[in-house]
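Hi,

Here is the structure I promised to pass on. Have a look at it first, then read my notes below with the model open next to you.

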Amino acid sequence: MNQERVFKVLLGPHVTEKAAFAAENNQYVFKVASDATKPEIKQAVQALFGKKVDRVQVLNVKGKTKRTAHGVGQRKGYRKAYVTLAAGETLEDFSGAE
């Protein structure tokens, strides 16, 4: 996988309280491209961080319906991936996340 595709697959970390609890169990959460597959996400994390990935779980988050002065609107949805690293592997960048 070339470097350009790595950055198109992984859009960034998903930093929430739930993601911080998941990081304690060696799971890290990323926002990913809508067309990214599990093998692509696994290769991208291994290429970018140099860590061995055990498994990848992907889910689609639907956008919220919000009311505005002009009627009802829809926020954009996104896709996120829970990446579980192999035993003994950690990502130092996420250890001090808010």
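**What I found**

Let's start with one residue: lysine 51 sits in the loop that links α3 (38-49) to β3 (53-61). Keep in mind while you look that this is a predicted model. What does the side chain of lysine 51 reach? It gets to the backbone oxygen of threonine 90, at 3.4 Å. If you skip the neighbours within four places in sequence, lysine 51 is in contact with Gln46, Leu85, Glu89, Thr90, Leu91 and Glu92.

**The sheet**

Now zoom out. There is an open sheet of 4 strands, ordered β1-β2-β6-β3, with antiparallel pairing. Why do β1 (10-13) and β3 each have one side without a neighbour in the sheet? Because they stand at the edges, each of them has a single partner strand. On average, and ignoring direction, neighbouring strands of this sheet are turned by 30 degrees against each other.

You can walk through the sheet pair by pair:

- β1 and β2 (residues 27-32) run antiparallel and are joined by 3 bridges. Here glycine 12 stands opposite lysine 31 of β2.
- β2 and β6 are also antiparallel, paired over 6 bridges. Look for tyrosine 28, whose bridge partner in β6 is valine 83.
- β3 and β6 pair over 8 bridges, again in the antiparallel sense. In this pair, leucine 59 is opposite lysine 80 of β6.

How much of β6 is covered? Mostly covered is the answer, as 7 of its 8 residues are buried.

While you're at it, remember that side chains in a regular strand alternate between the two faces of the sheet.

**Helices on the sheet**

Helix α2 (residues 17-24) lies across β2 and β6 (78-85), and runs at about 135 degrees to β2. Then there's α3, which packs on the sheet and touches β1, β2, β3 and β6. The direction of α3 makes about 120 degrees with that of β3.

The loop between α2 and β2 holds asparagine 26. This one is worth clicking on: asparagine 26 has a positive phi of about 70 degrees, although it is not a glycine. Is asparagine 26 buried or exposed? With a relative accessible area of 15%, asparagine 26 falls under the 20% limit, so it is buried.

**Rings**

A pair of aromatic rings is described by the distance of the centres and the angle of the planes. The count here comes to 1 aromatic pair. The pair is made by phenylalanine 30 and phenylalanine 49, with ring centres 6.0 Å apart. Their planes are at 35 degrees, so the pair is tilted. Since phenylalanine 30 lies in strand β2 and phenylalanine 49 in helix α3, the pair ties together parts that are 19 residues apart in sequence. The two partners are covered as follows: phenylalanine 30 counts as buried, at 3% relative accessibility, while phenylalanine 49 is partly exposed, at 24%.

One more ring to find: which residue lies over the face of tyrosine 78? That's lysine 31, at 4.6 Å from the ring centre. You have met lysine 31 already, as the residue opposite glycine 12.

Have fun with it!

How values were computed:
Residues are numbered from 1 along each chain as its sequence is written. This is a predicted model: local features need pLDDT of at least 70, side-chain atom pairs count only at pLDDT 80 or more; totals for chains, interfaces and linings use all residues. Side-chain values use heavy atoms; hydrogens and water are left out. Helices (H or I, at least four residues) and strands (E, at least two) are DSSP runs, numbered from the N terminus. A polar contact is a pair of N or O atoms within 3.5 Å; within protein, one must be able to donate a hydrogen and the other to accept it, and residues adjacent in sequence count only if both atoms are side-chain atoms. Contact means heavy atoms within 4.5 Å. Two strands pair if DSSP finds at least two bridges between them. Axes are lines fitted to C-alpha atoms, for helices over the stretch in contact, and angles run from 0 to 180 degrees between N-to-C directions. Rings of Phe, Tyr and Trp (its six-membered ring) pair if their centres lie within 6.5 Å; planes under 30 degrees apart count as stacked, over 60 as edge-to-face and the rest as tilted. Buried means under 20% relative accessible area, exposed over 50%, partly exposed in between (1.4 Å probe, protein chains only). A charge sits over a ring if NZ of Lys or CZ of Arg is within 6 Å of the ring centre and within 35 degrees of the ring normal.
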